[in-house]
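Let's take a walk through this model together, starting from one small detail and then stepping back to the whole fold. Keep the viewer open and follow along.

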Amino acid sequence: MHLNAVTYGWASMAGIGAALFLIPRLFKTSLAGGKYAVLGSVIWNIGLALGLGAITLGFSDGQEWLEFPWQVDLLFVVGGALCAIPLLLTAANRQVEHLYVTSWYLMAALVWFPILFLIANLPFTFPGASGATVNWWFAHNVLGLWVTPIGIGIAYYMIPKILGRPIISYQLSLIGFWSLALFYSQVGIHHLIGGPIPTWLVTLSIVHSVMMSIPVITVAINHHGTMMGNFKRLKDSPTLRFVWIGALMYTVSSLQGSMEALRSVNVVTHFTHYTVAHAHLGMYAFLSFILFGAVYFIMPRLTNWEWPWRRMISLHFWLVSIGILIYFVSLTVTGWKQGLALLDAAMPFMDIVRMTIPGLQARTLGGALMTLGHLVFAAHFVAMLMHRGVGSEQPTLFRSAIKENT
């Protein structure tokens with residue numbers, strides 16, 4: 001329930017919302033067919049409620065990332081496709097010839113997702129070991145070809161926008177996009193190293209995983225190179241602080257993932273808490289931080305209202321930052337020690353379990369801080385919708401004397 005609620009409830013809905021805000025601005029034209037997105041989001045959320053309810057009652061397809069019954073999955077295919085229609089219609093009616101790289105990422109994500117989701121959830125089609133292969137083909141692609149393009153695309157928009165300067169290389173941004181499309185599609189099979197699938201397929205996945213360093217490095221050069229000389233702005237802009245740290249964590253988590261795919265590393269980390277830490281570094285420290293930053297940027301512009309309390313934004317930032325730091329470090333260290341111990345045939349299994357308890361206790365502390373940060377964020381969001389505070393044509397900043405580019 002947690003995995004699916006975060007992926008399809010928070011990350012997907014927030015990502016689609018940000019895309020619907022950004023695409024008309026990138027194309028210099030009004031959003032076309034917005035009613036399709038509204039209908040799509042309603043169908044999507046009905047599917048989410050039914051899917052989480054089904055898991056609660058014990059009805060599940062039994063595969064990680066594919067737990068929702070296939071009958072419910074049809075709602076996500078329809079809902080996702082409907083949400084993509086306005087973006088494609090707006091692109092067709094655009095007033096500009098040149099497409100900024102954010103447009104590439106957002107449109108690709110919203111076209112790729114329904115295809116990936118439909119293929120992976122075809123009922124009675126992939127039995128046995130082939131089902132496991134398709135399972136992890138999808139599980140990694142829902143990260144790499146769905147939420148990752150959304151996160152990267154938002155960062156490509158927000159960082160130059162707030163700083164008021166262009167990215168340092170448009171050519172590099174295109175290399176990053178096309179190499180992501182080329183290499184990411186096969187990386188998921190490294191989760192099945194040692195499993196009953198062809199060795200060549202696993203080796204192909206490992207090669208693709210290592211080659212993913214190309215889009216990661218090119219994106220990193222653009223994101224962090226654009227920030228050079230402007231790091232002092234992190235003190236001013238909530239959006240920039242969240243988005244840049246999210247972009248930094250994309251670099252770290254992706255390079256870590258490439259290393260994790262190597263057989264010599266995977267033999268230690270597989271089936272341990274190390275992989276849980278890695279997943280949260282990507283899905284939370286990378287994607288969720290960027291989505292938090294996008295919400296802080298978008299809401300004042302939608303409502304012409306200022307975020308009521310600067311200190312709540314700071315509190316949110318520090319709670320989730322310290323929380324994910326504790327979470328990631330504790331599980332990474334514990335998971336590595338756990339993996340080495342599992343390779344020692346002489347060590348009793350329960351001793352290994354007891355060894356992980358301090359790391360799990362730290363994980364609880366980190367998760368509690370993150371949850372508290374989410375409650376602060378939600379309360380502040382609701383307060384803004386209720387028009388607490390004062391109206392404004394400028395977004396809330398940490399220091400009122402500084403103005404953010406609009």
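Which backbone oxygen lies 2.7 Å from a polar atom of the side chain of Thr-332? That oxygen belongs to Phe-328. Bear in mind as you look that this is a predicted model. Thr-332 sits in helix α12, which runs over residues 310-342. Is Thr-332 buried or exposed? Its relative accessibility is 17%, and buried means under 20%, so Thr-332 counts as buried. If you leave out residues up to four places away in sequence, Thr-332 touches Tyr-274 and Ala-277.

Now zoom out to the chain as a whole. You'll find 13 helices and zero strands, so to speak an α element at every step from the N terminus on. The radius of gyration is 21 Å, close to the 22 Å that the globule rule gives for 406 residues, so the chain is as compact as a globular protein of that length. If you want a feel for its outline, picture a box of roughly 65 × 45 × 45 Å along the principal axes, filled by the C-alpha atoms. Of the 406 residues, 55% are buried. Take the contacts with a separation of 6 or more: 84% of them join residues 24 or more positions apart.

What's inside? The largest nonpolar core has 114 residues. Helix α5 gives the most to this core, with 19 residues. Tyr-8, Phe-138, Trp-146, Ile-154 and Met-158 are the residues with the most contacts inside the core. Pick Trp-146 and look around it: leaving out residues up to four places away in sequence, Trp-146 touches Ser-12, Ile-16, Trp-44, Ala-109, Leu-110, Phe-113 and Asn-141.

Helix α7 is a good one to take apart by hand. It covers residues 199-211, and its 13 residues should span 18 Å at 1.5 Å a residue; the C-alpha atoms at its ends are 18 Å apart, which agrees. Which residues of α7 are buried? They are Leu-201, Val-202, Ser-205, Ile-206, His-208 and Ser-209. Look down the axis of α7 and these buried residues fall within an arc of 165 degrees, so they line one face of the helix. Turn to the face pointing away from that buried side and you meet the exposed residues Thr-199 and Trp-200. So what covers the buried residues of α7? The cover includes α5 (128-163), α6 (170-183), α8 (213-227), α9 (238-260) and α10 (263-269). You've already met α5 as the helix that gives the most to the largest nonpolar core.

Last stop: a couple of loops with backbone angles to check. Lys-28 lies in the loop between α1 (2-27) and α2 (34-56). Its phi is near 55 degrees, a positive value in a residue other than glycine. Trp-65, in the loop between α2 and α3 (70-92), also isn't a glycine, and its phi is positive too, at about 75 degrees. Which of these loop residues is buried, and which is exposed? Lys-28 has a relative accessible area of 58%, and exposed means over 50%, so Lys-28 is exposed. Trp-65 has a relative accessibility of 9%, which is under the 20% cut-off, so Trp-65 counts as buried.

Definitions and conventions. Residues are numbered from 1 along each chain as its sequence is written. This is a predicted model: local features need pLDDT of at least 70, side-chain atom pairs count only at pLDDT 80 or more; totals for chains, interfaces and linings use all residues. Side-chain values use heavy atoms; hydrogens and water are left out. Helices (H or I, at least four residues) and strands (E, at least two) are DSSP runs, numbered from the N terminus. Buried means under 20% relative accessible area, exposed over 50%, partly exposed in between (1.4 Å probe, protein chains only). A polar contact is a pair of N or O atoms within 3.5 Å; within protein, one must be able to donate a hydrogen and the other to accept it, and residues adjacent in sequence count only if both atoms are side-chain atoms. Contact means heavy atoms within 4.5 Å. The expected span of a helix is 1.5 Å times one less than its number of residues. The arc is that of the directions from the helix axis to the C-beta atoms. A nonpolar core is a set of buried Ala, Val, Leu, Ile, Met, Phe, Trp, Tyr and Cys residues joined through side-chain atoms within 4.5 Å. The radius of gyration is taken over C-alpha atoms; the globule rule is 2.2 Å times the number of residues to the power 0.38.
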